[in-house]
There are 2 protein chains.
Amino acid sequence: MPPRKKTAQTPQSAQKGISYADAGVDIDAGDLAVQRILGHLKRTHTQRVLENEGGFAGLFRLDFNERLFKRNYRDPVLVAATDGVGTKVLLAIQMDKHDTIGQDLVAMSVNDMAVQGAEPLFFLDYMALNKVEPALIERVVSGVAEACRVCGAALLGGETAEMPDLYEPGHYDLAGFAVGVVELKRAVDPVRVNQGDVVLGLGSSGVHSNGYSLVRAILKRKRLKLDRPNHELRDLGVDDLLGHVLLEPTRLYAAPITRLLRGYKVKRPISAMAHITGGGLPGNLNRSLPKNLDAVLDRSCWDVPPVFTALKRWGGVDDEEMLRVFNMGIGYCLVVRPHFADAVAERLRKLGERVYRIGRITRGTGRVRIK
Amino acid sequence: MPPRKKTAQTPQSAQKGISYADAGVDIDAGDLAVQRILGHLKRTHTQRVLENEGGFAGLFRLDFNERLFKRNYRDPVLVAATDGVGTKVLLAIQMDKHDTIGQDLVAMSVNDMAVQGAEPLFFLDYMALNKVEPALIERVVSGVAEACRVCGAALLGGETAEMPDLYEPGHYDLAGFAVGVVELKRAVDPVRVNQGDVVLGLGSSGVHSNGYSLVRAILKRKRLKLDRPNHELRDLGVDDLLGHVLLEPTRLYAAPITRLLRGYKVKRPISAMAHITGGGLPGNLNRSLPKNLDAVLDRSCWDVPPVFTALKRWGGVDDEEMLRVFNMGIGYCLVVRPHFADAVAERLRKLGERVYRIGRITRGTGRVRIK
């Protein structure tokens, strides 16, 4: 078991001059927070995690002489990603709802990793705040741990940094770091996108973790209340508190994508994938397009969740802007060889995804065109 | 080449309603920042890093069928650590000196990793700030890259998050993530600390990255000026600006420790190690002590750097508190079998370290006693 560390430490000794406690750092709260979250970490640990009580870093066994790599990987490549949750964290703070922002944190990194075809191995988190509040930290980290468990990653360690002069009371920030593994051949010799390939889109759960600066600007301008249901959203069939609608956690695509890829050891039906984050469909799906092909998407092929319809209306945001800031209902894309499209879609549906056939690859100039 | 990402993105399209740019997010500055630091990242890349232009995550080849692991590792264990630099970042901001805080960030994680006997493989950073300033980001990341290069780690990726409502103008925070590798046998079957073992201490470069809440409380109470040399420090032989003395970057022990360990493939002269961070010598060296042994250190055996003498005087901090908050001149400890102590010390000196024989392991109760 690796330690959950904390930046701030204070001594037990009696003080004459200034002490660390005088400087605003509370070790007991820090230790309590560490105790509280150990159980959450342990829930995510498999045999591959080595116990390391009191150690300085987390240990994860590659185990390639035995089960893991002997069976699955000839030439493993480590895949690493880091991300935060942006200003979504400020909505969590405003709503005092901290149990799902951890899923956002994990999803942002492991979904990026899934695009490389990688299976998540482990995750670490960094949480910086004004003052260590054990209950708050536990709520956030329990969400991180649960999301790790869902996508098969071990929560290998973390850092809690108490920095009263950098963060306002009640504020905190989160950063996440994920490491996964992919077979070398898949990493360096990916299938290329071809003319005629089909673009499958996986439904998003809502705004995910991008565009919150715009969301918050709209909330402010329209003076919308987070702590009650919104009548326009209600007309669109959404009865939740507005704050909860906006805090709906980012969908974890890593688990179904990993399982899908395991089913295709020989055949290579998937030409490319994209995690739809900042930049939207046009700014992410384009990253896998060669210079002579376009992805042509048909906007009528998928359901735009009500939250986007409402945000557009409130902010008077134009269509193109909406598509470049938000996922608009598609959180993840797969570009698939045409004769495999139905089979891939069906497998993903069985794994619990909403799958839309949203477009085609055509001759073009490396752009995403949305009609 | 993996991308340096950024949380904030804005579209190029003309706006009617609120746009992402109106919400305070500037994509051009973000792109410029990414461009500026690509060169710094590339400097740290070896053959083991796979090019991944436009990709969603960084790729690092384990390469175990060939050079790296075939020769060095039978059963590799991944070691992961995360840390920030605490409120030292606020001193960097106050002094507008950002070129060395990146070394602090890397050192905090890779030194922890060195304690597990691990060789650093790669590093990722997270930088969160009020507003993307390409020159600032480049200065910070170039420091990160240079430190990575020194300790043989690839800077595999990073995230820049612009969050104007979470960070004050000019403020930023940093988090670092490091992954390394160690042989399974060394990780799970360490040599144990024995009675009679010798404690070697490696000289620190100054305050390193712990205790800055206390440092800043002392600065405030005594109204000390950072932007000029301090007369008390000058009397102790230190002519630098006080701010520069306090920003002296954390020493990178990972490189010499890795090289030292490589020299002992069969013999096991080192019983334990410790990175002296928050908690000082008593709160870190104790982590490797069994319940029936103490580490007895002799304070007269090493030089306490002038900065600690001055901090103690200014703050009226008592001795025990100083030892529990600061490294007091010893940044890293090795507990060594007695007949190897001279040889290990000599090797470390040749690798550029100041080495002190600071104590012994005796019967006791698992504590660090400092006389």
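Contact here means heavy atoms within 4.5 Å. The structure on display is a predicted model, and this tour stays in chain B.

**The sheet.** Select strands S9, S11, S8, S12, S10 and S13 of chain B, which in that order form an open sheet of six strands with mixed pairing. Colour S9 (270–275) and S13 (368–370) separately: these two strands of chain B stand at the edges, and because each has a single partner strand, one side of each lacks a neighbour in the sheet. On average, neighbouring strands are turned by 25 degrees against each other, direction ignored.

**One edge in detail.** Next, display S10(B), residues 293–297, beside S13(B); the two run parallel and are joined by three bridges. Ala295(B) has Val368(B) of S13(B) as its bridge partner.

**Helices on the sheet.** Add helix H4(B), residues 101–115, which packs on the sheet and touches S9(B) and S11(B), the latter spanning 330–336. The direction of H4(B) makes about 165 degrees with that of S9(B). Then select helix H10(B), residues 254–262, which lies across S8 (198–203), S9 and S11 of chain B. H10(B) runs at about 170 degrees to S9(B).

**A helix pair.** Finally, select helices H7(B), residues 212–221, and H12(B), residues 306–315, whose axes are 9 Å apart. They pack at an angle of about 55 degrees and are therefore oblique to each other; the crossing is left-handed. Show side chains where they meet: Val215(B), Ile218(B) and Arg221(B) from H7(B), and Leu311(B), Trp314(B) and Gly315(B) from H12(B). By class, this contact has four nonpolar residues, one polar and one charged.

Terms used:
Residues are numbered from 1 along each chain as its sequence is written. Chains are lettered from A and ligands numbered from 1 in the order in which they are written. This is a predicted model: local features need pLDDT of at least 70, side-chain atom pairs count only at pLDDT 80 or more; totals for chains, interfaces and linings use all residues. Side-chain values use heavy atoms; hydrogens and water are left out. Two strands pair if DSSP finds at least two bridges between them. Helices (H or I, at least four residues) and strands (E, at least two) are DSSP runs, numbered from the N terminus. Axes are lines fitted to C-alpha atoms, for helices over the stretch in contact, and angles run from 0 to 180 degrees between N-to-C directions. Angles under 35 degrees count as roughly parallel, over 145 as roughly antiparallel, 65 to 115 as roughly perpendicular and the rest as oblique. A crossing is left-handed if the near helix is turned anticlockwise from the far one by less than a right angle, and right-handed if clockwise. Ala, Val, Leu, Ile, Met, Phe, Trp, Tyr, Cys and Pro count as nonpolar, Asp, Glu, Lys and Arg as charged, and the others, Gly among them, as polar.
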